[in-house]
Amino acid sequence: MKLAVISAFRTSGLTKTELARRLGKQEAEARRILDPDHATKIATMQDAMRALGKTIVVSVMEAA
């Protein structure tokens, strides 16, 4: 999920400052959200995706 957030950010054309503004957070927090080595809660990633105009959909399927 973190990689999806990073990918959506890269294609969005937004700056980290603008993402932070949309999230109501400091730029440092936006940098942490986009850092693949930093643990980020699912709810925070969902908020970031929403700020990027995306949504996260999770599904469970039977294993083959």
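These legends go with a set of views of one predicted model, starting with the whole chain and then moving in on a few spots.

**View 1. The whole chain: an all-helix layout, with 4 helices and 0 strands.**
Follow the protein chain along its sequence and you read the pattern α-α-α-α. The C-alpha trace spans about 45 × 20 × 20 Å along its principal axes. Of the 64 residues, 30% count as buried. Take the contacts between residues at least 6 apart in sequence, and 59% of them turn out to join residues at least 24 apart.

**View 2. The surface and its charges: about 4,700 Å² of the protein chain is exposed.**
Carbon and sulfur atoms supply 51% of that exposed area. How many side chains carry each sign of charge? The protein chain has 11 positive and 7 negative ones. The centres of these two sets sit 5 Å apart. As for pairing between charges, the count comes to 5 salt bridges, and some of them get their own views below.

**View 3. Helix H1 from the inside: the buried residues of residues 2–12.**
Which residues of H1 are buried? They are Lys2, Val5, Ile6, Ala8 and Phe9. These residues cover an arc of only 165° around the axis, so they end up on the same side of H1. What lies over them includes helix H2 (16–23), helix H3 (27–33) and helix H4 (42–51).

**View 4. Helix H1 from the outside, and what comes just after the helix: Leu3, Arg10 and Thr11 are exposed.**
This trio belongs to the other side of H1, across from the buried set that has Val5 and Phe9 among its members. Carry on just past H1 and you get to glycine 13, which takes a positive phi of about 80°.

**View 5. Salt bridges within helix H2: glutamate 18 with arginine 21 and with arginine 22.**
In the pair with arginine 21, the closest N and O atoms are 2.6 Å apart. In the pair with arginine 22, the closest N and O atoms are 3.0 Å apart. Why can these side chains pair up along one helix? Arginine 21 and glutamate 18 are 3 residues apart in H2, so about one helical turn separates them. Glutamate 18 and arginine 22 are 4 residues apart in H2, which again means a separation of about one helical turn. How open are the partners? Arginine 21 is exposed, with a relative accessible area of 55%. Arginine 22 counts as partly exposed at 43% relative accessibility, and glutamate 18 is partly exposed too, with a relative accessible area of 21%. That value is just above the cut-off, because buried means under 20%.

**View 6. A salt bridge in helix H4, then back to H2: aspartate 47 meets arginine 50.**
The two side chains come within reach at 3.1 Å, N to O. Aspartate 47 and arginine 50 are 3 residues apart in H4, so about one helical turn lies between them. Aspartate 47 counts as partly exposed, at 35% relative accessibility. Which residues do shared salt-bridge partners join into one network? Those are Glu18, Arg21 and Arg22, so it's worth flipping back to the glutamate 18 and arginine 21 pair, with about one helical turn between them.

How values were computed:
Residues are numbered from 1 along each chain as its sequence is written. This is a predicted model: local features need pLDDT of at least 70, side-chain atom pairs count only at pLDDT 80 or more; totals for chains, interfaces and linings use all residues. Side-chain values use heavy atoms; hydrogens and water are left out. Buried means under 20% relative accessible area, exposed over 50%, partly exposed in between (1.4 Å probe, protein chains only). Helices (H or I, at least four residues) and strands (E, at least two) are DSSP runs, numbered from the N terminus. The arc is that of the directions from the helix axis to the C-beta atoms. Contact means heavy atoms within 4.5 Å. Accessible areas come from the Shrake-Rupley method with a 1.4 Å probe; for residues, only the protein chains shown count as cover. Lys and Arg count as positive and Asp and Glu as negative; His and the chain ends are not counted. The place of a charge is taken as NZ of Lys, CZ of Arg, CG of Asp or CD of Glu. A salt bridge is a side-chain nitrogen of Lys or Arg within 4 Å of a carboxyl oxygen of Asp or Glu.
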